[in-house]
Each structure stands twice: as structure tokens, then as C-alpha cells.
Amino acid sequence: RDLGIIPQWTRRQKHGFRPEELLWYGAIDLKDCKGSNLTNEIHPLLRQDSFDDTPDHVYDQLIPGLRLATFFLSHPACMQFWTTLAKGERRVDHEMSRRCGKTRHRISRNVPMTEENASEVIQYVKKLGEAQAIHFTFIPGLAFEGDAAFGTARTVCDFQSEEFKGHQRGGHHLQSSNVRLHSDFYIIAKKLSTMVYPDPAQKLRFNFIFATLIVHELAHAIELSQWRNRAPSPHEPFLLHHNEAELGRMWESYMFGGQVAPINDRVDGIYGVATWNWPRSFGEMDPERTICHALPMQYLEDIQQMETWER
């Protein structure tokens with residue numbers, strides 16, 4: 001105090017991390033860090049021809065993240081969310097319908113994780129990819145409802161498609177959608193394509209951030225694919241006890257125990273990756289009540305090794 005320095009234990013804590021904390025947690029560096037060695041086939045949803053105006057040298061840098069996203073979409077260990085979303089019983093939630101002013105549904109229980117259930121959902125998502133029902137576009141300055149966003153998903157009206165014509169005849173068909181991704185992901189991938197010796201730890205963080213973002217948006221897009229068949233209530237359902245109908249964040253909560261985001265909103269992951277508690281029953285992010293966890297590099301390395309997924 002004589003030197004004018006406020007002791008750490010009396011300083012009012014703000015939301016976020018100090019640089020030394022991230023180093024102590026092992027969220028930035030990892031000794032003898034290994035790059036991604038995933039060799040699994042990329043999901044049909046994520047093929048290069050589904051990415052608009054994305055040249056080979058940029059797509060090549062996205063491949064490790066897309067392979068990780070493929071496991072998130074189709075590995076048996078990751079199927080609880082997808083089977084519950086696809087096969088869970090949707091009942092009208094009268095309380096949330098009253099609050100929202102429109103009919104809303106809730107899935108109150110997880111669907112049993114059987115091999116048959118998982119296989120059926122995996123085949124349905126594969127069908128979406130083969131039908132090229134979802135396309136990806138990199139957009140500069142992306143925003144959603146006035147706020148900056150890493151990605152958004154929206155329906156595409158295609159009056160000439162066979163699916164639309166079939167729907168007009170009373171059939172049940174897929175709704176096409178477009179996933180818009182922030183152009184910063186494109187820019188970072190292009191930059192990495194020019195680097196001879198990229199930082200392997202930073203590359204792992206970029207792969208993970210891209211994989212989680214794209215599957216977050218696919219949670220919306222896959223639900224949108226059945227939009228026509230869900231009338232008269234084509235809204236995302238509430239899941240379990242959650243009172244926020246946000247399927248992307250719900251998938252993150254199922255997989256990682258909370259919402260995932262790059263620290264300081266840097267999509268290159270240079271400052272690390274963190275999770276925080278979601279859903280927030282107290283509304284907007286409150287520094288006094290939000291609990292954040294920096295993801296250690298050891299975890300990000302392990303999840304991008306083939307032996308992890310082959311266990």
C-alpha cells in the first residue's frame with residue numbers, strides 16, 4: 001500500500017482473465033505440442049463444394065477443423081444432443097408460450113442413446129449433406145439482430161427446387177438453408193496458408209473454434225431443414241429445463257458444459273479459448289455471477305488426435 005499498489009485480494013475482480021492466469025492454466029502454450037492428426041473422412045455436409053467462393057488453399061486450412069466437426073456430428077459419443085433433438089417428444093410449453101406470445105414446444109427428456117437411434121439420426125444428417133441442403137458463405141462485418149456475430153443460419157427460399165414443388169403437392173421435404181460465417185475465419189485460413197512455421201498451439205485453437213462454431217450453426221440449420229414440416233410452430237424448441245431456445249448454445253452445453261468462445265473474440269485463438277456457464281438464468285452476462293474457464297491446451301491437443309476418437 002505504501003507503494004500505491006492495491007493488493008490482488010482487495011481488488012474488485014472484473015470479467016475475464018489476466019494474461020498470467022492464461023499462462024498458469026496452460027491455455028496458451030504446450031510443451032512439444034502436436035498438431036492435429038485427424039484423418040477421418042469429412043462429413044458430406046462439409047464438402048468443399050458446399051462452401052461458396054472458397055479456393056483450395058483456404059479450404060485446406062479448414063480441413064482439420066472440419067474433420068473435428070465431423071466427429072461432433074457423427075461420432076457415437078457425441079450423439080446425445082442430436083438424437084434428443086431429432087427424436088425427442090415435443091409438447092406445448094404453456095408457460096413459455098404465454099411469455100413469447102406464440103405456441104412454443106419443449107423436449108423435456110433425453111432420448112435413450114441406443115445404437116439404432118444414433119444410426120437413424122446419423123443417416124438423416126448424412127442425407128442433408130448429400131442433398132446439399134446447407135451452404136456456407138463467408139460474410140464481412142457479419143451481424144445478427146444488430147450485434148456482431150461469428151455466424152448465423154437462415155432459410156433459403158428456392159421456388160424452383162424439386163423439394164419446394166413436392167411441398168406444394170403436400171409432401172414432406174427438406175428446407176434449404178445458408179450458414180453465414182464471419183469472414184475473419186476466411187482471412188485467418190488464408191494467412192495460415194502462407195505461413196511456413198505456424199504456431200501449432202494457435203492452429204489447434206483455431207481448428208477448435210472453427211469446428212465448434214460451424215456445428216453450433218449446423219444445429220440451427222439442421223432444425224431449419226424440417227421447418228416446413230413443423231408448422232404451425234416452426235420455432236426452435238426448449239430443451240430439458242432450459243428457458244432459452246438457442247440450439248447452438250444448447251449443443252455447446254451438452255458437449256462442453258457451457259458456451260464456448262475465443263477470448264477477446266479473436267477467431268485466430270491467439271489469446272486462448274474459454275467456456276462459461278449457460279444458460280444464464282440472470283439474463284445478460286454479469287461479471288459477478290458468470291463463471292469462466294479457460295480450456296487447457298492439453299485438452300485441445302488430445303481432442304484433435306485420432307487415438308482419442310478410436311478409444
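Two strands are taken as paired if DSSP finds at least two bridges between them. On this basis the predicted model contains an open sheet of three strands in the order β1-β2-β8, and the pairing in this sheet is mixed. The edge positions are held by β1 and β8 (238-239), each of which has a single partner strand, so one side of each is left without a neighbour in the sheet. Strand β1 is joined to strand β2 (residues 105-107) by three bridges, and the two run antiparallel. Within this pairing, Arg91 has Arg106 in β2 as its bridge partner.

A further open sheet of three strands has the order β9-β10-β11, and here the pairing is antiparallel. Its edges are formed by β9 (259-262) and β11 (292-294); each has a single partner strand, so one side of each lacks a neighbour in the sheet. On average, neighbouring strands of this sheet are turned by 30 degrees against each other, direction ignored. Between β9 and strand β10 (residues 273-276), which run antiparallel, there are four bridges. Ala261 is placed opposite Ala274 in β10.

Strand β1 also takes part in a side-chain contact with a helix. Arg90 and Glu223 form a salt bridge in which the closest N and O atoms are 2.9 Å apart. Because Arg90 lies in strand β1 (residues 90-92) and Glu223 in helix α8 (residues 200-224), this salt bridge ties together parts that are 133 residues apart in sequence. The two partners were assigned to separate exposure classes: Arg90 is partly exposed, with a relative accessible area of 22%, whereas Glu223 is buried, with a relative accessible area of 7%.

The count of salt bridges in the model comes to 11. One of them joins Arg266 and Asp268, with 2.7 Å between the closest N and O atoms. In this pair Arg266 is partly exposed at 34% relative accessibility, while Asp268 is buried, its relative accessible area being 8%. The side chains of Arg47 and Asp49 also meet in a salt bridge, at 3.7 Å from N to O. Both residues fall in the partly exposed class, Asp49 with a relative accessible area of 47% and Arg47 at 32% relative accessibility. In addition, a network of salt bridges links Arg18, Glu20 and Glu21.

Aromatic contacts were examined next. A search of the whole structure gives 18 aromatic pairs. Among them, Phe71 and Trp309 form a stacked pair, with 4.5 Å centre to centre and 5 degrees between the planes. Since Phe71 lies in helix α2 (residues 56-74) and Trp309 in helix α11 (residues 306-309), the pair ties together parts that are 238 residues apart in sequence. Phe71 and Trp309 are both buried. The rings of Phe72 and Phe256 have centres 5.8 Å apart and planes at 80 degrees, so this pair is classed as edge-to-face; the angle is over the 60 degrees required for that class. Phe72 in helix α2 and Phe256 in helix α9 (residues 247-256) are 184 residues apart, and the pair thus links distant parts of the chain. Phe72 is buried, with a relative accessible area of 0%. Phe256, at 15% relative accessibility, also counts as buried, because the cut-off for this class is under 20%.

These four residues belong to one aromatic cluster, formed by Phe71, Phe72, Phe208, Trp251, Phe256, Tyr299 and Trp309.

Helix α2, which contributes Phe71 and Phe72 to the aromatic pairs described above, is mostly covered, with 14 of its 19 residues buried. The helix bends by about 45 degrees at Ile63, and a proline, Pro64, follows within four residues.

A polar contact was found in helix α3 (residues 80-87), which contains Thr83. The side chain of Thr83 reaches the backbone oxygen of Gln80 at 3.1 Å. Thr83 counts as buried, at 0% relative accessibility.

How values were computed: Residues numbered from 1 in each chain as written. Predicted model: local features only at pLDDT ≥ 70, side-chain atom pairs only at ≥ 80, totals over all residues. Heavy atoms only, no water. Phe/Tyr/Trp six-rings, centres within 6.5 Å; stacked < 30°, edge-to-face > 60°. Buried < 20%, exposed > 50% of the residue type's maximum accessible area, 1.4 Å probe, protein only. Salt bridge = Lys/Arg side-chain N within 4 Å of Asp/Glu carboxyl O. Bend = angle between axes of the 7 residues up to and from the residue. Axes fitted to C-alpha atoms, helices over the stretch in contact; angles between N-to-C directions. Polar contact = N/O pair within 3.5 Å; in protein donor to acceptor, adjacent residues only side chain to side chain.
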